[in-house]
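Got the viewer open? Let's take a walk through the model, one selection at a time.

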Amino acid sequence: MDKTIKLVFQDGLEIEGKPFGAYTSTAGEVVFNTAMVGYNESLTDPSYKGQILVMTAPMIGNYGVPDDKAMIDSVEEWMESNQIQVKGLVISYYADDYSHWNAVQKLGAWLKSQNIPGVYGVDTRMIAKKLREQGSTLGKIVADTDVDFYNPNLDNLVAQVSCKEVIRYNEGADIRIVLVDCGVKNNIIRCLVSRGVEVIRVPWDYNYETLDYDGLFISNGPGDPALCVPTINHIGESLKGDKPIFGICLGNQLVSLAAGASTYKLKYGHRSHNQPVQLVGTKRCFITSQNHGYAVDDSKLPEGFTTFFTNLNDGTCEGIRHESKPIFTVQFHPEAMGGSIDTEYLFDEFIEEVKKYKSANA
């Protein structure tokens, strides 16, 4: 008899599917992603820590999985971190046969190698609609044994995914950027290093003011930003100075909290590769990739700060900037893999501001 597996929601709804990957039970927060490509990057994105990911694209696995151990410039070449970060994967149709020039294994085999369960043969678009109507919910994948529901937002997930020691990339470059690792995606490191700067990656609670650097970057990451008290305190001290600061996703929320604003949990979060945002004060619209469950309340921005981008779907704040200092943040992912890259130019603007600061303070 073929094995079955269930996705169980906190409200009691049970959906039976077919298993792939590891045949094991797990629990977490159920979220969805609308991307048609990029499942390797999504599964290894530390921002998904503690979550069961539902992908709404009709077919997943068709291009296999590249070598997850391949490295370029000391970071994984094809992945966003060194391991699968999600608690489980739920899809509609699993393509066991794959075809792609860089693939080395099946998606199911990769999941199994890291003890991550997968469920297929379910209506993922129905699940996405359920989450949009009812909001974020806890769930569990039940295979051989039952497990308790688990709320990852109660834990300091950032501490779990951050690096444990200082790591340097492109050491010796003239421009030095401190990157506060709150669960950084590898492509952020790639985007910075490709612009000729040295990246000094530090743990989430590290006192980076002991270092010699020219600009500060606050990364993405999982969970409730309010739990990152040491990070918020360090950023608060940095805001008193004039060094350029750039924050992405969780980094946007942490800079906002350090400035004196507040954050709140969204009903179901922004979980897609096609979120439209508008540059405030213009008619320019950009398509962005997003994955977050919290947002900044821009009605409570302190004096000196203003809204940078706005989400055109629900009007939420998508970034802030300082009116006179080179400080800006975005809630979306300019470095998104695989796409969109409409806003990658923000890395160039950040580096230019860092160069100006360094030149003025030489």
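Which residues in α5 meet which residues in α8? Before you click, a word on what you're looking at: this is a predicted model, where local features need pLDDT of at least 70, side-chain atom pairs count only at pLDDT 80 or more, and totals for chains, interfaces and linings use all residues. Residues are numbered from 1 along each chain as its sequence is written, and side-chain values use heavy atoms, with hydrogens and water left out.

**Stop 1: two helices**

Select 186-193 for α5 and 345-360 for α8. Helices here are DSSP runs of H or I with at least four residues, strands are runs of E with at least two, and both are numbered from the N terminus. Now show side chains: I188, C191 and L192 in α5 meet F347, F350 and I351 in α8, where contact means heavy atoms within 4.5 Å. The residues of this contact divide into 6 nonpolar, no polar and no charged. For that tally, Ala, Val, Leu, Ile, Met, Phe, Trp, Tyr, Cys and Pro count as nonpolar, Asp, Glu, Lys and Arg as charged, and the others, Gly among them, as polar.

Next, look at the angle. The axes of α5 and α8 come within 10 Å and cross at roughly 50 degrees. Axes are lines fitted to C-alpha atoms, for helices over the stretch in contact, and angles run from 0 to 180 degrees between N-to-C directions. The two helices are therefore oblique to each other; under 35 degrees would be roughly parallel, over 145 roughly antiparallel, 65 to 115 roughly perpendicular, and the rest is oblique. The crossing of α5 and α8 is right-handed, which is the label used if the near helix is turned clockwise from the far one by less than a right angle.

**Stop 2: a sheet and its helix**

Select β17 (262-279), then β18 (285-297) and β20 (309-311). You have an open sheet of 3 strands in the order β18-β17-β20, with antiparallel pairing; two strands pair if DSSP finds at least two bridges between them. β18 and β20 stand at the edges with a single partner strand each, so one side of each has no neighbour in the sheet. From one strand to the next, the twist averages 45 degrees. Strands β17 and β18 are joined by 11 bridges; to find one of them, pick Q275 and its partner T288 in β18.

Add α7 (250-259). This helix packs on the sheet, touching β17 and β18, and its direction makes about 50 degrees with that of β18. All 10 of its 10 residues are buried, meaning under 20% relative accessible area, while over 50% is exposed and in between is partly exposed (1.4 Å probe, protein chains only).

**Stop 3: positive phi**

Most residues other than glycine have a negative phi. Step back from α7 to C249, in the loop after β16 (245-248): its phi is near 60 degrees. C249 is buried, at 2% relative accessibility. On the far side of α7, G260 follows with a positive phi near 120 degrees.

Jump to N170, in the loop between β12 (167-169) and β13 (176-181). Phi of N170 is near 55 degrees, and N170 is partly exposed at 36%.

**Last stop: T26**

Select T26 in strand β3 (26-33). T26 is buried, with a relative accessible area of 10%. Leaving aside neighbours within four places in sequence, T26 is in contact with K87, P117, K140, I141 and V147. Draw a C-alpha to C-alpha distance from T26 to Q51: 25 residues apart in sequence, 9.9 Å apart in space.
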